[in-house]
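Please open the model in your viewer and keep the selection tool at hand for the stops below.

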Amino acid sequence: MALILLEALLALVLFVAIVWWTMFAGRSKGELPPVDSPNEDDKTP
């Protein structure tokens with residue numbers, strides 16, 4: 001019984017570690033801001 005609980009605890013720790021890694025292993029300053037496309041009003045003829 002103790003072996004089953006230990007295995008379940010290990011699986012839970014592994015799951016939490018994978019989720020933590022994927023959530024916080026991105027860019028150091030977050031996502032890059034979107035590049036603004038020039039508006040048609042800004043065009044000069």
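The tour goes from the whole chain to a helix, a residue and a patch.

This is a predicted model, in which local features need pLDDT of at least 70, side-chain atom pairs count only at pLDDT 80 or more, and totals for chains, interfaces and linings use all residues. Residues are numbered from 1 along each chain as its sequence is written, and side-chain values use heavy atoms, with hydrogens and water left out.

Begin with the whole protein, whose secondary structure comes to 1 helix and 0 strands (DSSP runs, H or I of at least four residues for helices and E of at least two for strands). Of its 45 residues, 0% are buried (under 20% relative accessible area with a 1.4 Å probe, where exposed is over 50% and partly exposed lies in between).

Next select residues 2-24, helix α1, whose end C-alpha atoms are 33 Å apart, in agreement with the 33 Å expected for 23 residues at 1.5 Å a residue (1.5 Å times one less than the number of residues). Because the number of buried residues in α1 is 0, the helix lies largely in the open.

Within α1, pick Val 16, which counts as partly exposed because its relative accessibility is 45%.
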